[in-house]
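Q: Could we go through this model together, one feature at a time, with the general idea before each case?

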Amino acid sequence: MSTTTTKSAFWTGVRDGAPFMVVAGPFALLFGVLATEAGLSVFEVMSFSLVVIAGAAQFTALQLMQDQAPTVIVLISALAVNLRVAMYSAALTPYLGGAPLWQRIFAAYLLVDQSYALSHARFDADPQMTVPARMAYYFGTCTLVMATWFGCSYLGAALGTALPPGIPLDFALPIAFLSMVAPMMRTLPHLVAAGVAVVVSLLAVPVPYSLGLLIAGISGMAAGAQTELWLQRRGAA
Amino acid sequence: MIDTGTLWLVIILLGIGSFLLRFTFIGFVGNRPLPPWLLRHLRYTAVAILPALCAPLVVYSGEGGSTDPTRLAAAIVTVGAGMATRNVFAAIGAGAFALFVLVYVIG
């Protein structure tokens, strides 16, 4: 694909991104519904989805605001959940770092799991790609996913008030999060990190200002990192 | 209910914060590599924070902070299905199905 023009790179990106509409759609829909149930207006829901574009962080912020957690804790927790985008940004820098600043600003705004995963794989497989072609491909992967994200957020918000009462929506969030996390449990350090985080979070429930979440999260991360080191040392010995 | 002022503060600051997370490297840091110890911890953020957020919601899901067996069972089904299939939507489907069956059929 070294002959890729900018235009064809964009459309290749659009095509490659299409299947991910199925992933983004339901989460946006769920966010719209839950946020409306929590009392947000359609305008507030759309602003949230447009400004933040991060499913897990939005769910986290919504839950903690409903728990009346202090704003600082809401922000730190939601950003911690979204920390992985900083790693995506680092991983894409060697490929996109040479683009003009205004393009990098837009690229940063649109950096989500899907645009990262597709673009990184493509750039890695095709080192001949020019920087403009890479940017075009990158924006292509975002197009349908973002349209779906905003469209389904709206649909969820519009639908939210129309749902019959009695649906156990309170538990939609734990199910969504556990579904996101369970497939990530690939290695022992991942399991240890999650296990320690769960135990500490339960013990830390009485800790004020919802600080328990941060304590549990950091404990889990440290436990995962230590387990990884321990496995390395054992493998080397 | 969520206070409107707080909500907009969170939306705006979270938007700025999320943007900075995304922009840091692509915009400021360039190609400098991160220290290994930091990467080693960052690898486990999602698998630590998300379960830590869910655990109290699952365990204290009943009236007045008791444990609701139907919700606990639905959570276990979700995690089991997710680990067995490695598929987010299979896990959501299994968890939602289990919750509906337990809540409506058993009570």
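A: Let us start with burial: a residue is buried if 20 or more other C-beta atoms lie within 10 Å of its own, exposed if 12 or fewer, and partly exposed in between, with C-beta atoms placed from the backbone. Gln68(A) is exposed on this count, with 12 other C-beta atoms within 10 Å, whereas Ile53(A) is buried, with 27 other C-beta atoms within 10 Å. The model is a predicted one, in which local features need pLDDT of at least 70 and side-chain atom pairs count only at pLDDT 80 or more, while totals for chains, interfaces and linings use all residues. Residues are numbered from 1 along each chain as its sequence is written, and chains are lettered from A and ligands numbered from 1 in the order in which they are written.

Q: Where do Ile53(A) and Gln68(A) lie, and what is the phi of Gln68(A)?

A: Elements are DSSP runs numbered from the N terminus, with helices being H or I over at least four residues and strands E over at least two. Ile53(A) is found in the loop between α3 (42-52) and α4 of chain A, and Gln68(A) in the loop between α4 and α5 (71-81) of chain A. Phi of Gln68(A) is near 60°, a positive value in a residue that is not glycine; Ile53(A), also not a glycine, has a positive phi of about 40°.

Q: What is the secondary structure of chain A, and how much of the chain is buried?

A: Chain A has 12 helices and zero strands, and its C-alpha atoms fill a box of roughly 60 × 60 × 30 Å along the principal axes. Of the 237 residues in chain A, 49% are buried. Two residues are in contact if their C-beta atoms, placed from the backbone, lie within 7 Å; among the contacts in chain A with a separation of 6 or more, 77% join residues 24 or more positions apart.

Q: How should I read a pair of packed helices, such as α11(A) and α12(A)?

A: Two packed helices are described by the angle between their axes and the distance between the axes. The axes are lines fitted to C-alpha atoms, for helices over the stretch in contact, and the angles run from 0 to 180 degrees between N-to-C directions. Helix α11 (residues 188-203) and helix α12 (residues 211-236) of chain A pack at about 150° with their axes 7 Å apart, and α11(A) and α12(A) are therefore roughly antiparallel (angles under 35 degrees count as roughly parallel, over 145 as roughly antiparallel, 65 to 115 as roughly perpendicular and the rest as oblique). The crossing of α11(A) with α12(A) is right-handed (the near helix is turned clockwise from the far one by less than a right angle; anticlockwise would be left-handed).

Q: Which helix of chain B does α10(A) cross, and at what angle?

A: Helix α10 (residues 172-181) of chain A and α3(B) have axes that come within 9 Å and cross at roughly 150°, which makes α10(A) roughly antiparallel to α3(B). This crossing of α10(A) and α3(B) is left-handed. Residues of α10(A) including Phe177(A) and Val181(A) meet residues of α3(B) that include Leu50(B) and Leu57(B). By class, the contact of α10(A) with α3(B) has 13 nonpolar, no polar and no charged residues (Ala, Val, Leu, Ile, Met, Phe, Trp, Tyr, Cys and Pro count as nonpolar, Asp, Glu, Lys and Arg as charged, and the others, Gly among them, as polar).

Q: Is α10(A) enclosed by the rest of the structure or exposed, and what covers its buried residues?

A: Nine of the 10 residues of α10(A) are buried, so α10(A) is largely enclosed by the rest of the structure. The cover over these buried residues includes α2 (21-37), α4 (55-66) and α11 of chain A, together with α3, α4 and α5 of chain B. The axes of α4(A) and α10(A) come within 11 Å and cross at roughly 145°, in a left-handed crossing. Ala56(A), Phe59(A) and Gln63(A) of α4(A) make this contact with Leu173(A), Ala176(A), Phe177(A) and Met180(A) of α10(A).

Q: Which residues have the most contacts inside the largest nonpolar core?

A: In soluble globular proteins, nonpolar side chains tend to be buried together. A nonpolar core is a set of buried Ala, Val, Leu, Ile, Met, Phe, Trp, Tyr and Cys residues joined through C-beta atoms within 7 Å. The largest one here has 107 residues, and those with the most contacts inside it are Phe177(A), Val181(A), Ala193(A) and Leu50(B). Helix α9 (residues 131-160) of chain A gives the largest share of this core, 13 residues.

Q: How many residues does each chain give to the contact between chains A and B?

A: Chain B gives 61 residues and chain A gives 73 residues. On the side of chain B that touches chain A, the largest share, 19 residues, comes from α1(B).
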